[in-house]
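Hi,

Here is the structure I said I'd pass along. Have a look, and my notes are underneath.

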Amino acid sequence: MASERQTAPLMEVRGLRKLFPIRKGLFKRTVGHVRAVDGVSFSIQAGETLGLVGESGCGKTTTGRCLNRLIEPTGGEIVFNDGTGQPIPVHELDAEGLKAYRRNIQIIFQDPYSSLDPRMSVFDIVAEPLLIHKVAEGQELEDRVVSLLKAVGLQAQHLRRYPHAFSGGQRQRIGVARALALEPEMIICDEPVSALDVSIQAQVLNILTELQEEHRLTYLFISHDLSVVRHILENEAVMYVGKIVELAPTRELFEAPLHPYTEALMSAVPRPDPRARRKRILLEGDVANPADPPTGCYFHPRCRYAREACSQEAPEMREVHPGHFVSCHYAEELRLQSLGAGA
């Protein structure tokens with residue numbers, strides 16, 4: 001039993017769903033639902049980084065916010081194994097239990113400009129979670145905040161300044177310090193570098209990597225940019241219109257993708273060598289409407305490999321190779337373009 005507890009994933013998500021109602025008319029009657037997250041399942045091991053990638057609007061951020069119930073899920077299960085031997089059913093927690101759970105799972109938001117209160121100083125922003133959970137006060141609180149700022153590359157003289165005095169990269173470092181304040185086991189990184197310049201992106205990614213090694217943090221890293229995150233992820237899940245269509249170790253996913261949507265995403269990744277030539281796959285048609293998705297495979301109207309069965313029957317997520325899952329009827333038959341190990 002002890003070995004089972006040690007190998008249990010830190011986070012298990014089973015059939016997660018989030019439907020947003022569509023209301024119309026004078027009395028705002030519900031006439032339909034937007035399937036923002038539509039039956040998502042995955043697990044994350046302690047100390048691992050799982051990437052969640054896909055186009056804007058595919059449900060990545062909604063999935064992340066459901067994990068700490070910033071958005072209430074419509075269905076499914078979220079189980080957190082904090083090492084006590086008693087799994088925590090996050091989807092069932094009351095207000096008191098949810099407050100205790102959130103000490104262990106924090107979030108770094110995408111926009112460093114809107115995620116920091118402009119009326120609060122850096123000290124107040126980073127100290128707030130410590131005060132709410134009554135972790136420290138007085139001189140101990142200030143020392144703790146200074147230590148957190150130094151851990152992300154800022155200094156004690158920044159304590160009394162306000163967010164408007166900082167660049168985007170510095171603001172995101174403040175956000176990282178705030179997420180780290182309660183010494184969580186897991187951090188949800190919601191596109192934490194997408195609003196930053198490329199040179200600053202590398203600095204923030206390096207900070208996150210160093211913090212993970214030092215504190216054995218677990219990350220769910222949400223991104224739409226494969227080229228940014230491929231070197232920091234152990235495993236990667238590809239989302240399309242609320243569903244995970246492929247899940248695999250990152251290296252294997254880049255060397256041998258099995259889903260046509262993954263292939264199309266990879267064809268858009270720029271190569272550092274200007275002499276390298278790779279055919280760009282241009283998807284025809286529009287992204288499926290999550291309020292009225294097509295029958296069968298949601299991707300089939302845009303898939304160049306689609307056959308009759310794709311429009312009639314929804315594919316099940318299945319394990320094609322050890323640890324490599326895909327939702328495609330013909331994954332074993334397709335020979336898809338990859339980025340390769342050195343790309």
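Below is what turned up on one helix pair and on the salt bridges.

Before anything else, keep in mind that this is a predicted model.

**The helix pair**

Let's start with H6 and H7. H6 covers residues 168–180 and H7 covers residues 198–215; their axes sit 10 Å apart and the helices pack at an angle of about 15 degrees. Since angles under 35 degrees count as roughly parallel, that makes H6 roughly parallel to H7. The crossing of the two is right-handed.

Which residues of H6 and H7 make the contact? On the H6 side you'll find Gly169, Arg173, Val176 and Leu180. H7 brings Ile200, Gln203, Ile207, Leu208, Leu211 and His215. Sorted by class, the contact has six nonpolar residues, three polar and one charged.

**The salt bridges**

How many salt bridges does the structure hold? There are 14, and a few of them are worth pulling up in your viewer.

Try Glu55 and Arg302, whose side chains meet with an N to O distance of 3.6 Å. This pair links distant parts of the chain, 247 residues apart: Glu55 is in the loop between strand S3 (49–53) and helix H2 (60–67), while Arg302 is in the loop between helix H10 (260–267) and strand S11 (318–321). Are the two partners buried or exposed? Glu55 has 27% relative accessibility, so it counts as partly exposed. Arg302 comes in at 11% and therefore counts as buried.

The loop between H10 and S11 also holds Arg304, which forms a salt bridge with Glu263 of helix H10. Their closest N and O atoms are 3.3 Å apart, and the pair again links distant parts of the chain, with their positions 41 residues apart. Glu263 counts as buried because its relative accessibility is 2%, and buried means under 20%.

For a bridge within one helix, go to H9 (residues 250–255), where Arg251 and Glu255 lie four residues apart, about one turn of the helix. The closest N and O atoms of this salt bridge are 3.2 Å apart. With 59% relative accessibility, Arg251 counts as exposed, whereas Glu255, at 33%, counts as partly exposed.

Last one: Glu12, Arg14 and Glu77 are linked in a network of salt bridges.

Cheers

Notes
Residues numbered from 1 in each chain as written. Predicted model: local features only at pLDDT ≥ 70, side-chain atom pairs only at ≥ 80, totals over all residues. Heavy atoms only, no water. Axes fitted to C-alpha atoms, helices over the stretch in contact; angles between N-to-C directions. Parallel < 35°, antiparallel > 145°, perpendicular 65-115°, else oblique. Left-handed = near helix turned anticlockwise from the far one by under 90°. Contact = heavy atoms within 4.5 Å. Nonpolar A, V, L, I, M, F, W, Y, C, P; charged D, E, K, R; others polar. Salt bridge = Lys/Arg side-chain N within 4 Å of Asp/Glu carboxyl O. Buried < 20%, exposed > 50% of the residue type's maximum accessible area, 1.4 Å probe, protein only.
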